[in-house]
Amino acid sequence: MPEATTKVMLPADFADAPISVFRRSLNFLVTVAAVTAVVLVLLPLGAVFGYLIYKGMGSINWAFLTQIPKPPGEAGGGMANAIAGSVYILLIASCMGVPLGIGAGIYLSEYGRGTRFGNLIRFTADVLNGVPSIIVGIVAYGLVVLSQGHFSALAGGVALAIMMVPTITRTTEEMLLLVPQAVREAAYGLGVSRWRTTLSITLRTATSGVITGVMLAFARVAGETAPLLFTAFGNQYWNWKMNQPTAALSLQIFTYAISPFDEWHRQAWAGALILIVLIVASVGAVRLVANRGMLKGTN
Amino acid sequence: MANRALGAPRLTGPQPVSEQAVTAAKGTQVQSLISAGDSQRADAVFFYAMLACGMSVLALVGLIVYELLTKSSLSWHAFGWKFFFRSEWDPVNDQFGALPFVYGTIVSSILALIIAVPLAIGVAVFITEMSPRWMRGALAFTTELLAAIPSVIYGLWAIFVLVPLLRQYVQPGLAKYLGWTSLFEGPPYGIGMLAAGIILAIMVVPIISSITREVMTAVPQQQREAVLALGATRWEMIRTGVLRNARAGIAGGIILGLGRALGETMAVTMVIGNRPEIAKSLFAPGYTMASVIANEFSEATGDVYLSALVEVGLALFIVTIIVNILAQFLVWTVTRGTPARSHA
């Protein structure tokens, strides 16, 4: 009797029993469908990058990188002011968004762990993360543009900073939570005060992770256009004043892409290539540095 | 506990600093750490500074709500609920109704989901259940790269590559074979609801597939082995053992994708045609809530006009918040209990 039971349980016995043609072909069809889905998803990715490089490379030249735009319809000119403007706005945004985000992350992991108030802030950060960027633009407009009386680089920076905060907050928190409690206790045990422990021991231990989070936030806002439309507004000339309208690469790409001029279309592709290179390079460089530090265990 | 934590040097995240202990023995660095300032007062100052940073997150959301509410009150008082059911959009006579934008937002987002959901689930199934191990990381990374491309670059690509493609090949074909459904009628401009739906689909696929992947990974391995041991084919295993267990989380991923699609601005603005009309055909141009704000906000003259645009923004804000909270809840019901994995 036990022999019979064992026999029934053995999967090898099922191997002899034929799986019906229907089930086998359904299995095959689904596999084919999944592979097709992968191909269909990778296709646009390849097409976007392919076109960026193909169209962009042909249009990037010294003039594009060093000159400001020519009047509509005239050949030549470049996006130097827009590239600089993007960097300028991102700097302003980082100066405000990074400390706020890291501070909020420190609060969540070091003081707000498990408390109701901490959970509320964490939840709110997730809500803020899901707010459409165009809405953030409206708010920055109301806060800065209306009170200053005109569009400005500062307004653009404020909009992007608002978008950076939740990402940085959540990654900083996650990274600090990975630092073992014993490391903090060791510092306390040596008589180091709590704030000193947090900054010099906990945060320092998590540096590479925190930097990665900051770069993720940076990459996310670097290509943002919608919140800049009515904050930084764009500018055909150089501007280094905080309270004046400023050009940005993403805005310039948008304006040129929907314009009727072939010359501007060409420059839009070139600008897009520069933008994506800036994003990938900044993220890649910091990742590399952060990873190396982590491997040595010194950061 | 302490020993284990300090003695485990190969964590994936930040590393415990063992030198600290070494320098502690020497006493020099610790001395400088201890002597820095009146520690009790400094501790309090530091706590309040961090608390202020934390509160700033609350303040930001509060500020957004306050700004949207106050700036839209004029339009709210003028039109009330009817604002969302009127299709007039007449800045000259100060008559505003958001129905065409609501319609355009819903239709383009749903179209995007219809295209994106099967693809995203297919990709997730392939990556987690079918692909050879060496391909897994590369594929996951590549699909996530799609999410890193700025919206304006998608728009640029759509204008110059996708739209001509649609105009020349896809739309005539659709009109010929599916024209009788009256969804594919009218002149094939290329730009319009269909183009917006497709570009949105490309943009939400990585979100849906990465969440789907996450919840599928959270399904215990024994579940798969049990179904396979009963003689199921691989597809039957995936369907009954994995997808059925992960369905709430997958629904969460889809809704998260919906949230992204609803609020997406630039790429849609560049290809949807920007005409406040409600047309049955997907070839016809339309307008979305986010696009109308993007296009008209900086040119809006007149208080009611501006206020009407902010009210559109307020509605968009409320809907995306609800959608996002729902999605996070659904994902959480599946992934709770499994160790948290960081995802961007």
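# Notebook: helices, a cavity and a few unusual residues

I began just past helix α9 of chain A: the helix is followed by A:Gly191, whose phi is positive, near 90 degrees. A reminder to myself: this is a predicted model.

**Entry 1: helix α9 of chain A**

I then stepped back into the helix itself, which covers residues 181-189. Which residues of α9(A) are buried? I listed A:Ala182, A:Val183, A:Arg184 and A:Ala187. The arginine caught my eye, and I looked up its accessibility. A:Arg184 has a relative accessible area of 2%, so it counts as buried, the cut-off being under 20%. What does its side chain touch? I found a polar contact of 2.9 Å between the side chains of A:Arg184 and A:Glu110.

**Entry 2: helix α8 of chain A**

Next I turned to α8, residues 153-178 of chain A. I noted 26 residues and a reach of 37 Å from the first C-alpha to the last, close to the 38 Å expected at 1.5 Å a residue. Where does α8(A) kink? I placed the kink at A:Met164, with an angle of about 30 degrees, shortly before the proline A:Pro166.

Is this helix mostly covered or mostly open? It is mostly covered, with 21 of its 26 residues buried. I also picked out A:Leu154, which sits in α8 of chain A. Its relative accessibility is 22%, so A:Leu154 counts as partly exposed; buried would need a value under 20%. From A:Leu154 I looked along the chain to A:Glu173, 19 residues away in sequence, and found 28 Å between their C-alpha atoms.

**Entry 3: cavities**

How many cavities of 30 Å³ or more does the whole structure hold? The search gave me 6. The largest has a volume of about 50 Å³. I wrote down its lining: A:Gly85, A:Ser86, A:Ile89, A:Leu90, A:Leu160, A:Val221, A:Ala222, A:Glu224, A:Leu228, A:Ala248 and A:Ser250.

Which helix gives the most to this lining? It is α5(A), with 4 residues. I saw that α5 (80-111) and α11 (207-222) of chain A each supply at least two lining residues. Sorted by kind, the lining of the largest cavity has 7 nonpolar residues, 3 polar and 1 charged.

**Entry 4: positive phi in chain B**

I moved on to chain B and looked up two loop residues. B:Asp94 is not a glycine, yet its phi is positive, about 55 degrees. I located B:Asp94 in the loop between β1 (89-90) and β2 (95-96) of chain B. With a relative accessible area of 32%, B:Asp94 is partly exposed.

B:Ser182 is another residue other than glycine with a positive phi, near 65 degrees. Where is B:Ser182 found? I traced it to the loop between α7 (151-178) and α8 (193-218) of chain B. Is B:Ser182 buried or exposed? It is buried, with a relative accessible area of 15%.

**Entry 5: helix α13 of chain B**

My last stop was B:Ala315, in helix α13 (residues 303-335) of chain B. B:Ala315 has 15% relative accessibility, so it counts as buried. I then looked up its separation from B:Ala327, which lies 12 residues away along the chain. Their C-alpha atoms are separated by 18 Å.

How values were computed: Residues are numbered from 1 along each chain as its sequence is written. Chains are lettered from A and ligands numbered from 1 in the order in which they are written. This is a predicted model: local features need pLDDT of at least 70, side-chain atom pairs count only at pLDDT 80 or more; totals for chains, interfaces and linings use all residues. Side-chain values use heavy atoms; hydrogens and water are left out. The expected span of a helix is 1.5 Å times one less than its number of residues. The bend at a residue is the angle between axes fitted to the seven residues ending there and the seven starting there. Buried means under 20% relative accessible area, exposed over 50%, partly exposed in between (1.4 Å probe, protein chains only). On a 1 Å grid over the protein atoms alone, a cavity is a set of points where a 1.4 Å probe fits but cannot get out, and a pocket is an open set with protein on both sides within 12 Å along at least five of seven lines; lining residues have an atom within 4 Å of a point. Grid points are joined across faces, edges and corners, and a volume is the space filled by probe spheres set on the points. Ala, Val, Leu, Ile, Met, Phe, Trp, Tyr, Cys and Pro count as nonpolar, Asp, Glu, Lys and Arg as charged, and the others, Gly among them, as polar. A polar contact is a pair of N or O atoms within 3.5 Å; within protein, one must be able to donate a hydrogen and the other to accept it, and residues adjacent in sequence count only if both atoms are side-chain atoms.
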